[in-house]
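Open the model in your viewer and keep the selection panel at hand. Each stop below says what to select and what is there.

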Amino acid sequence: MIEILPAIAFYMFAAVTVAAGVLVISAKNPVHSVLWLILAFFSAAGLFVLLGAEFLAMLLIIVYVGAVAVLFLFVVMMLNINYEELREGAFAYLPLGGLVAAVLVVEMVTLGAAWQFGPDVASNLASVAPAISDVENTKALGRVIYTDYIFIFQGAGMILLVAMIGAIVLTHRTRTGVKRQNVVKQNARRPEDAYALVDVEIGKGVTMPKKKG
Amino acid sequence: MVEAFYNWIIQFFEIEQSAFIYFVSIVAMILVIVLPLLIAVAFAVYFDRKIWAAVQMRRGPNVVGPFGLLQSFADGLKLFLKETIIPSGANKVIFLMAPMITFTLALIAWAVIPFGEGMAIANLNVGILYVLAMSSLGVYGIIMSGWASNSRYAFLGAMRSAAQMVSYEVSIGFVLVCVLMAVGSLNLSDVVLAQEGGILDWYIWPFFPIYVIFFISTLAETNRPPFDLPEAEAELVAGYQVEYSSMAFALFFLGEYANILLMSAVMAILFFGGWYAPIEALDFIPGWIWLLAKTAFGFWMISMVKAFVPRYRYDQLMRLGWKVFLPISLFLVVAYAGLLIAFDKLPS
């Protein structure tokens with residue numbers, strides 16, 4: 001009878017994922033939208049755990065919820081959004097959005113059908129993925145990425161690196177007159193470099209000694 | 001732990017197996033962890049204040065109960081009886097949800113902490129990642145409270161905190177990679193089992209530089225002094241907690257200390273041999289007492305730092321995270337990988 005617990009968990013996570021997904025697009029306040037999106041990510045991670053893919057679940061939380069969604073939230077909170085203005089044009093985009101949604105639905109159905117009826121799918125799956133009970137999925141993923149397909153993986157990494165450097169170069173601007181701290185220099189500074197004791201005769205004044213530090 | 005308790009119930013009461021009983025045993029195990037944890041948090045606050053007082057040659061709390069031991073409970077009662085004030089410009093739902101999220105996240109991370117061999121609520125294969133994930137989620141409680149309060153101080157505190165936590169997670173991640181390479185598993189129990197033996201087998205010795213980075217990053221991750229910029233009272237009054245009162249504030253406070261205890265426990269597991277005794281002669285003392293003692297030691301160190309290190313400036317904090325810890329920890333990952341291969345110590 002214990003088998004009912006994963007089923008309950010599945011329906012709970014699935015329902016929350018779908019409901020949160022709907023609320024992402026229907027929430028009026030963009031900040032609420034992002035928070036619903038985070039809930040959707042989180043429940044999707046729960047579904048991954050139920051599938052036995054705990055490594056992917058944790059990555060989903062650490063990368064998407066812990067880093068990407070934080071940036072979303074940052075941007076949305078910082079923007080000064082006029083909610084009225086935002087809502088006005090919403091229905092003008094409905095036909096286009098509906099078209100994209102329809103294409104996606106057709107593609108998803110085709111994918112599902114291919115999964116079921118494709119001639120080679122069963123054998124392809126079996127050749128790549130060992131049974132979950134045999135290998136921890138952390139190890140299985142590690143073997144696929146870092147041993148079997150290391151050059152492809154490194155290539156993808158290099159492309160991302162080049163893209164990142166490109167983005168930095170394109171948006172970089174050198175500003176003049178910026179005063180930067182040099183921590184090493186600051187730490188190396190001694191009292192003798194910073195001040196000097198001078199005997200001043202009354203009514204004579206003094207020329208400041210040259211700064212050394 | 002859940003399985004064992006479930007089987008025990010089934011046998012002891014001679015009842016049939018059912019999902020309900022399993023559910024009940026999960027809840028029971030959670031209570032077994034959470035209730036002592038909350039009491040521990042109350043005493044951790046007392047402990048913290050006493051250490052702080054001792055360093056400054058004061059007495060600290062010494063009025064309520066013997067040696068002031070009941071001070072935290074008195075404070076809790078006081079907070080409980082206060083009025084909950086919600087600012088009129090605040091986003092009510094998110095404002096009230098933020099402390100709950102902080103508190104809940106601080107508690108659920110304890111699910112994977114092994115108190116002895118096989119003594120964890122969930123013996124996850126990816127236990128370390130789970131702890132990392134939960135501590136990275138902690139930032140939401142702070143961002144949400146900062147935004148929902150509709151106050152400049154709170155918002156600035158939340159922004160600082162988010163940037164700080166995201167930055168230091170990177171170096172914590174690399175630190176964990178170093179330890180995991182030597183263990184060969186992401187399971188926290190396996191990490192402890194890899195350190196079996198006396199004090200000389202603990203990872204604190206071979207991984208000392210990593211331990212230093214982890215310790216300092218922990219301070220930043222839990223918003224402890226010297227990195228408590230999100231609540232820097234000199235410039236931000238109390239940061240993201242400005243608008244909170246009563247139980248909402250108490251939840252933030254408890255969550256913060258539960259998080260600090262969690263990081264101390266993780267430190268004990270990663271570097272101080274978890275539930276193992278330092279020398280063989282002391283093996284008769286149960287493992288969970290050793291883990292508690294080591295956690296208390298970690299907490300003591302974190303507390304001492306609060307007592308004698310002045311607060312960092314914000315740009316210094318960011319510089320330390322990105323320009324010092326990130327390159328060093330990246331280098332250490334490469335260096336330890338090389339050493340493990342050179343000395344043929346890689347786990348199979």
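How many residue pairs are in polar contact between chain A and chain B? The count is four residue pairs, both residues at pLDDT 80 or more. A polar contact is a pair of N or O atoms within 3.5 Å; within protein, one must be able to donate a hydrogen and the other to accept it, and residues adjacent in sequence count only if both atoms are side-chain atoms.

This is a predicted model: local features need pLDDT of at least 70, side-chain atom pairs count only at pLDDT 80 or more, and totals for chains, interfaces and linings use all residues. Residues are numbered from 1 along each chain as its sequence is written, chains are lettered from A and ligands numbered from 1 in the order in which they are written, and side-chain values use heavy atoms, with hydrogens and water left out.

**Stop 1: the interface**

Stay with the two chains. Across their interface, the rule finds zero salt bridges (a side-chain nitrogen of Lys or Arg within 4 Å of a carboxyl oxygen of Asp or Glu). Now select H1 (4-26), H2 (30-51), H3 (54-78) and H7 (137-148) of chain A. Each of these helices (DSSP runs of H or I, at least four residues, numbered from the N terminus) supplies at least two residues of the side that touches chain B. H3(A) gives the largest share, 13 residues.

Widen the selection to contacts, meaning heavy atoms within 4.5 Å. Here 28 residues of chain A meet 33 residues of chain B.

**Stop 2: aromatic pairs**

Over all chains there are 25 aromatic pairs. Rings of Phe, Tyr and Trp (its six-membered ring) pair if their centres lie within 6.5 Å; planes under 30 degrees apart count as stacked, over 60 as edge-to-face and the rest as tilted.

Select B:Tyr257 and B:Phe299. This pair is tilted, 6.3 Å centre to centre with 50° between the planes. B:Tyr257 is in H10 (residues 246-271) of chain B and B:Phe299 in H11 (residues 287-308), 42 residues apart. Both are buried (under 20% relative accessible area, 1.4 Å probe, protein chains only; exposed is over 50%, partly exposed in between).

Next, select B:Phe297 and B:Trp300. They are stacked, at 6.1 Å and 25°. Both lie in H11 of chain B, three residues apart, about one turn of the helix. B:Phe297 is partly exposed at 37%, and B:Trp300 is partly exposed at 35%.
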